[in-house]
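Subject: A two-chain structure for you to explore

Hi there,

Here is the structure I promised to pass on. Have a look around it first, and then read my notes below.

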Amino acid sequence: MSTAKHRIALTVNGRKIVREIEPRLLLSDFLRSELRLTGTHVGCGHGVCGACTVSINGSTARSCLTFAIQMDGAVIETVESLAPRGPLSVIQQAFHEHHALQCGFCTPGFLMTARELLARDPDPSEETIRTALSGNICRCTGYVHIVRAIRAAARKLAEGASHVD
Amino acid sequence: MSTKSDDPRGLIGRRIPRKEDDRLLRGFGTYTDDVEEPVGTLHAVFVMSPHAHARIVSIDVGEAQQSEGVVAVYTGADFAGRVKPIVSDIEQPGYQPINRVIMATDRVRFVGEAVAVVVAESRYLAEDAADLVRVDYEELAPVVDVDQATQPDAPVLHDGTTDNVLFQASYKTAGFDEVFAAADHVVQDTFQSHRLAVVALEPRGCFAVYDRGHDRLTLWTSTQIPHIVRTAIANLLDWDETRLRVIAPDVGGGFGTKAYVYPEELIVSFLARELQAPVKWISDRREDLMTSAQGREYRFNVALAFRKDGTLLAAKAKIDCNIGAYPGFPFGASAEAGGAAIYLPGPYRMPHYAYETRAITTTTCPSGVYRGVAAPAAFFATEVLMDRAARELGFDPADIRRKNVLVAADLPYKNATGIVYSSGSFDTCLERALEASGYAAFRQAQTADRMRDGKLRGVGIANVVEHTGQGASRYRQRGILYVPGFDAAHVKIEPNGRAIVWVSECTQGQGHLTSFAQIAAEQLGIGIDDVTIIEGDTGQGPYGTGTFASRGAVVAGGATLRASQKVAEKIRRIAAHVLEAAPDDLELADGQVSVKGVRQLSMPIREIAAMAHSMDPRALPDGESFGLEATDYYDPPVASITNAAHVAEVSIDPVTGLVTIEKYIVAHDCGRVINPLIVDGQIHGAVVQGLSSVLSEAMRYDESGQPMTGTLMDYLVSTAADAPDITVLHEENWSPDTAGGFKGVGEGGVIGALPAAANAIADALAPFGARINRLPLLPSAVIALMKASPPQR
């Protein structure tokens, strides 16, 4: 196994990052170990559970199925970008008020997916929400409160709350 | 006592969003793999057996040891004599105790059992080297199910045992045989519930940091039982318990599979001391699916005996539980088989009961106390039979339940195994769930036209109970020695008047940091934001048992209540001295101590806190000590029985066999509700886990004992697109037995979901004469049921 390192330059949560990495390093491990952005979780490692969902160049993707070396020049956002300080984002606040998280391990992935959904469709039906979330597994909530939270966030945003984040 | 917990001034009973959410939402949680790694941290990767049953002929670690970044490779032989085996059961009738060495030395008994561990500078390098460990196996005959395991010529899996039945028990009420023989009508069938993986979303893992100067070890581990883990490490590694600290940090779901002490926790702790370096092990999903305690592979042969008029007289059960390769510590071999028998009587007046129950070891992954343990399968059997009895005797399924369900006049009711149901709302929950579901209207429409829109439609009812908050006496009675049963809380008010409460349990998402803060704040008369709960750390706070079996609210909640009341009493004594009033005349609320009904005669609790810390010129009353803190231990005297009625409505596509849950109602009674928002969440999550196990999840083993579902692409967990919306209705009959009147609620949703869904599907398939007695009900199984007999419209 070649362990020769290669240089990548990318933007993560608005910060410019340059690192020397092995070609086989997964993006999830790069974010978690190299950058200490441990909000991105690895629940399965094979692209099913969605806990590792991040935004790459504006679209959600599985960081456990992506090599970091593919990210040269990319703009990446992780859960830590949503509200690093100050008030929670509209979606995060709705998750809080509607008890849409229990153990919290899947939550970062759900937040990234929900953000993309509401940016695309500001007034999704329950069915649309459930379909959009079908790539994320939550083992605690039964999804009832997650769906309610996303509908509430959509209403809040329609009433003029500033930003999907 | 039936009291609504909605005192407008009280915090208990309020729908308060959780205190723990903020950091988890921001991505600032700290799960085991997120704990900051000191420089020099080593990573462990286990080499797992590819065979279900084999003799280990030889292990060659030479090439692995030479691999880049490898620090050490250990096999079972390296631990032999240095770490004691895990013994999960005791010498008492019915048990065959076995010793489990922490790493296999001569024989492997399930696919995934560890035979070596590689420690390297990175996880990637450790995985590279693990591929280079050469193990020579001689395959032995696998024993995959309980029938194979109990054949007279079956290989005996464990040394020192005579056969593969590791636990058995039987019981019969006096007069059972006569009553059963004289019954007008008996319904009987054999029900098979299927093996499940638990799939807590955070895979198991642990991280040990050794402090060589103090000879101290800190172990972060994704567990539900940090105190029991610490005691086990101390005992098996022969280590002074005071030098061990076990921390359950944020834990990404437990559901029973993390309520065990695992060999990996012992091995990683051993390695950290041996190598004098931090050692981390995090399982991947494949490893977690293969090695974390699974659940629910049970066979229930059940007969229910009735009078012609629908009166339930007796139940007879023969239960076999496949417990996999090893009984787990601390629950041992009897957890499932014993529980299965005890849970079965349910919420009905049923004077007679007889059972025989067995726990049988096989060459599959160890099985254990997955959410609800055996209760979901027990009620799958009894509630499906209840529906069959209704049809055969000419009753509606709702009416036969109305006839037999416990009513207020029956309480307290001692069931046929001697367990007392002291409070509950069995009949009320049934009626409320039926009404909310529109049951009567559904039946009318169904009678008029069964397939009005091309779909088969059915409705199913399940009446269930949940045995919650079990204390020391219940575990001793069940022969489970290593589960203490009590929990504890230490409440401390700091000089600024705000409180920290250390609780001996730990949370895996159940909302302890909010619910327990509500309990403490209400007793102390301060705001919920003035209370911080700290849990899951044996280095802080009192000893206790842990979080499983729906015990958090009852046992740790009770301890928090009692310890807080002790501190509140001291506040009253000090305030009484200042205000020149009797302590009993004082009340604590809104941060003030005041004379009841005379709000102007009051003082801030903050000032009492200052006095208690000698930061105020006023003296304490004579004989009162400094400090404002107290500990209490709580051991509930009996199990508290939570009850629920579930109604599920389903539609089935007759072409594909796909089942859709159209409506789901739960009416339940967990006594005094601490936080209805959190209780709703517990029930939603449990119901969907139960439905998922009926409709898609199945842990499959082939005939050689090889697991066939090693990824989440094969092991199908319900997503939001599969799951229904759920309506939860609360009844609150406070427990007269427990501190605070709380009963547990973590498992009831699963327990009801299996029978409710099975009955709804059976109802939809009634025109085909379908008899459901196995799970899961995948589309292929539904189609097979439809083909079994022609429609009888």
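In chain B, of the contacts with a separation of 6 or more, 80% are between residues 24 or more positions apart. Please keep in mind that this is a predicted model. For chain A, 61% of the contacts between residues at least 6 apart in sequence join residues at least 24 apart.

Chain B overall

Chain B contains 21 helices and 30 strands. Its C-alpha trace spans about 90 × 75 × 50 Å along the principal axes. Does a radius of gyration of 27 Å agree or disagree with a compact globule? It agrees, because a compact globule of 793 residues would have a value near 28 Å. Of those 793 residues, 60% count as buried.

The largest nonpolar core has 315 residues, and the ones that touch the most other members are Ala44(B), Val118(B), Ala757(B) and Ile761(B). Helix α17 of chain B, residues 552-579, gives this core its largest share, twelve residues. Try clicking on Ala757(B): beyond its neighbours within four places in sequence, it is in contact with Gly460(B), Ala648(B), Ile661(B), Leu691(B) and Val694(B).

A sheet to find in chain B

Next, look for an open sheet of five strands in chain B, in the order β9-β17-β16-β15-β10, with mixed pairing. At its edges are β9 (165-172) and β10 (185-192) of chain B, each of which pairs on one side only. From one strand to the next, the twist averages 5 degrees. As general background, strands of a sheet pair through backbone hydrogen bonds, either parallel or antiparallel. Which sense do β10(B) and β15(B) use? They pair in the antiparallel sense over eight bridges, with β15 covering residues 298-306 of chain B. You can check one of the pairs yourself: Phe191(B) has Phe300(B) in β15(B) as its bridge partner. Helix α11 of chain B (residues 375-393) packs on the sheet, where it touches β10, β15 and β16 (312-324) of chain B. The direction of α11(B) makes about 35 degrees with that of β15(B).

Chain A

Chain A has five helices and five strands. Starting from the N terminus, its elements run β-β-α-β-β-β-α-α-α-α. The C-alpha atoms of chain A fill a box of roughly 50 × 30 × 25 Å along the principal axes. With 165 residues, a compact globule would have a radius of gyration near 15 Å, so the 16 Å of chain A agrees with that. Buried residues make up 55% of chain A.

A good residue to practise on is Ile91(A), which is found in helix α2 (residues 90-97) of chain A. Is Ile91(A) buried or exposed? It is buried, because 30 other C-beta atoms lie within 10 Å, and the cut-off for buried is 20 or more. Apart from neighbours within four places in sequence, Ile91(A) is in contact with Leu111(A), Ala114(A), Arg115(A), Leu118(A) and Ala153(A). For a distance to try, Ile91(A) and Arg36(A) are 55 residues apart in sequence and 24 Å apart in space, C-alpha to C-alpha.

Where the chains meet

Finally, 44 residues of chain A are in contact with 43 residues of chain B. On the chain A side, α2, α3 (107-120), α4 (126-132) and α5 (144-158) each supply at least two residues. That side of chain A divides into 21 nonpolar, 18 polar and five charged residues.

Enjoy exploring!

Best wishes

Definitions and conventions. Residues are numbered from 1 along each chain as its sequence is written. Chains are lettered from A and ligands numbered from 1 in the order in which they are written. This is a predicted model: local features need pLDDT of at least 70, side-chain atom pairs count only at pLDDT 80 or more; totals for chains, interfaces and linings use all residues. Helices (H or I, at least four residues) and strands (E, at least two) are DSSP runs, numbered from the N terminus. The radius of gyration is taken over C-alpha atoms; the globule rule is 2.2 Å times the number of residues to the power 0.38. A residue is buried if 20 or more other C-beta atoms lie within 10 Å of its own, exposed if 12 or fewer, and partly exposed in between; C-beta atoms are placed from the backbone. Two residues are in contact if their C-beta atoms, placed from the backbone, lie within 7 Å. A nonpolar core is a set of buried Ala, Val, Leu, Ile, Met, Phe, Trp, Tyr and Cys residues joined through C-beta atoms within 7 Å. Two strands pair if DSSP finds at least two bridges between them. Axes are lines fitted to C-alpha atoms, for helices over the stretch in contact, and angles run from 0 to 180 degrees between N-to-C directions. Ala, Val, Leu, Ile, Met, Phe, Trp, Tyr, Cys and Pro count as nonpolar, Asp, Glu, Lys and Arg as charged, and the others, Gly among them, as polar.
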